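Welcome! Here are some short exercises to work through at your own pace, each with a solution that goes step by step.

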Amino acid sequence: MLASNYPILDIFWTMLEFFAFFIWIYLLFVVFIDIFRSHDLKGWAKALWVIGIIIFPLLGVLVYLIARGGKMHERAAQAAQAQKQAFDAYVQETAGESSADQLAKLADLKEKGVLTDDEFAAQKAKILG
């Protein structure tokens with residue numbers, strides 16, 4: 001009974017509207033994120049873009065994409081690169097030096113005569129223990 005009152009073309013049209021709505025919401029989020037991520041815009045310029053997009057959503061987003069959309073991917077790539085560098089620095093800081101590196105430095109110090117055999121053995125046991 002529902003099929004006779006709701007033809008197949010209407011189902012496709014409803015699906016198209018549904019997906020267009022979610023694409024629109026995603027586009028709004030991306031534009032707002034880009035506005036606030038952008039370091040070349042000052043506070044008042046950011047405020048004007050936000051107000052323009054809130055008052056005239058479709059026109060504001062389209063104008064923003066035309067005016068500043070060409071460099072959106074560059075700002076996103078820079079943010080991703082900065083995030084990757086911060087993560088790598090954190091991992092390096094957390095991981096510290098490996099035991100093999102420490103033992104190699106100890107062996108080098110022993111060869112140079114800085115450490116005696118007893119000092120070397122004590123430090124080696126400390127690293128391995």
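A salt bridge is a side-chain nitrogen of Lys or Arg within 4 Å of a carboxyl oxygen of Asp or Glu. Keep in mind that this model is predicted.

**Exercise 1. Test the pair arginine 68 and aspartate 40 against the salt-bridge cut-off, then place both residues.**

Step 1. The closest N and O atoms of arginine 68 and aspartate 40 are 3.1 Å apart. The cut-off is 4 Å, and the pair forms a salt bridge.

Step 2. Arginine 68 belongs to helix 4, while aspartate 40 sits in the loop between helix 2 and helix 3, so the bridge links distant parts of the chain, 28 residues apart.

Step 3. Now look at accessibility. Arginine 68 is buried, at 14% relative accessibility, whereas aspartate 40 is exposed, with a relative accessible area of 52%.

**Exercise 2. Find the partner of arginine 75 and decide whether each of the two residues is buried or exposed.**

Step 1. The structure holds five salt bridges. In one of them, arginine 75 is joined to aspartate 34, with the closest N and O atoms 2.8 Å apart.

Step 2. This pair, too, links distant parts of the chain: arginine 75 is in helix 5 and aspartate 34 in helix 2, 41 residues apart.

Step 3. Residues under 20% relative accessible area count as buried. Arginine 75 has 10% and is buried; aspartate 34 has 3% and is buried as well.

**Exercise 3. Work out how far apart along the helix aspartate 108 and lysine 112 lie.**

Step 1. Aspartate 108 and lysine 112 form a salt bridge, their closest N and O atoms being 3.3 Å apart.

Step 2. Both residues lie in helix 6 (residues 99-112), and because they are four residues apart, about one helical turn separates them.

Step 3. Aspartate 108 is partly exposed, at 34% relative accessibility, and lysine 112 is exposed, at 58%.

**Exercise 4. Which side chain of opposite charge is nearest to lysine 46, and how far away is that side chain?**

Step 1. Start with the location: lysine 46 lies in helix 3.

Step 2. The nearest side chain of opposite charge is that of aspartate 40, 7.4 Å away. With a cut-off of 4 Å for a salt bridge, lysine 46 is left without one, although this residue is buried.

Step 3. What does lysine 46 touch, leaving aside neighbours within four places in sequence? Its contacts are Ile35, Phe36, Ser38 and Leu41.

**Exercise 5. Which residues make up the largest nonpolar core, and which elements give two or more of them?**

Step 1. The core has ten residues: Leu28, Val31, Ile35, Leu41, Trp49, Val50, Ile53, Val61, Tyr64 and Met72.

Step 2. Helix 2 (8-37), helix 3 (43-55) and helix 4 (57-68) each give two or more residues to this core.

Step 3. Zoom in on leucine 28. Beyond its neighbours within four places in sequence, leucine 28 is in contact with Ile53 and Val61.

**Exercise 6. Classify two aromatic pairs from their distances and angles.**

Step 1. The whole structure has four aromatic pairs. In one of them, the ring centres of phenylalanine 21 and phenylalanine 22 are 5.5 Å apart and the planes meet at 75°. Planes over 60 degrees apart count as edge-to-face, so this pair is edge-to-face.

Step 2. Both rings are partly exposed, phenylalanine 21 at 47% relative accessibility and phenylalanine 22 at 44%.

Step 3. Tryptophan 49 and tyrosine 64 also make an edge-to-face pair, at 4.9 Å centre to centre and 90° between the planes. Tryptophan 49 is in helix 3 and tyrosine 64 in helix 4, so the pair ties together parts 15 residues apart in sequence. Tyrosine 64 is buried, at 0% relative accessibility.

Step 4. One aromatic cluster is formed by Phe18, Phe19, Phe21 and Phe22.

**Exercise 7. Where in the chain is confidence lowest, and where is it highest?**

Step 1. The chain averages a pLDDT of 86, and 95% of the residues score at least 70.

Step 2. Confidence is lowest in helix 1 (residues 2-5), at a mean of 61, and highest in helix 3, at 93.

Step 3. Where pLDDT is low, the predicted coordinates should not be read in detail.

Notes. Residues are numbered from 1 along each chain as its sequence is written. This is a predicted model: local features need pLDDT of at least 70, side-chain atom pairs count only at pLDDT 80 or more; totals for chains, interfaces and linings use all residues. Side-chain values use heavy atoms; hydrogens and water are left out. A nonpolar core is a set of buried Ala, Val, Leu, Ile, Met, Phe, Trp, Tyr and Cys residues joined through side-chain atoms within 4.5 Å. Buried means under 20% relative accessible area, exposed over 50%, partly exposed in between (1.4 Å probe, protein chains only). Contact means heavy atoms within 4.5 Å. Rings of Phe, Tyr and Trp (its six-membered ring) pair if their centres lie within 6.5 Å; planes under 30 degrees apart count as stacked, over 60 as edge-to-face and the rest as tilted. Lys and Arg count as positive and Asp and Glu as negative; His and the chain ends are not counted. pLDDT is the predictor's confidence in each residue, from 0 to 100.
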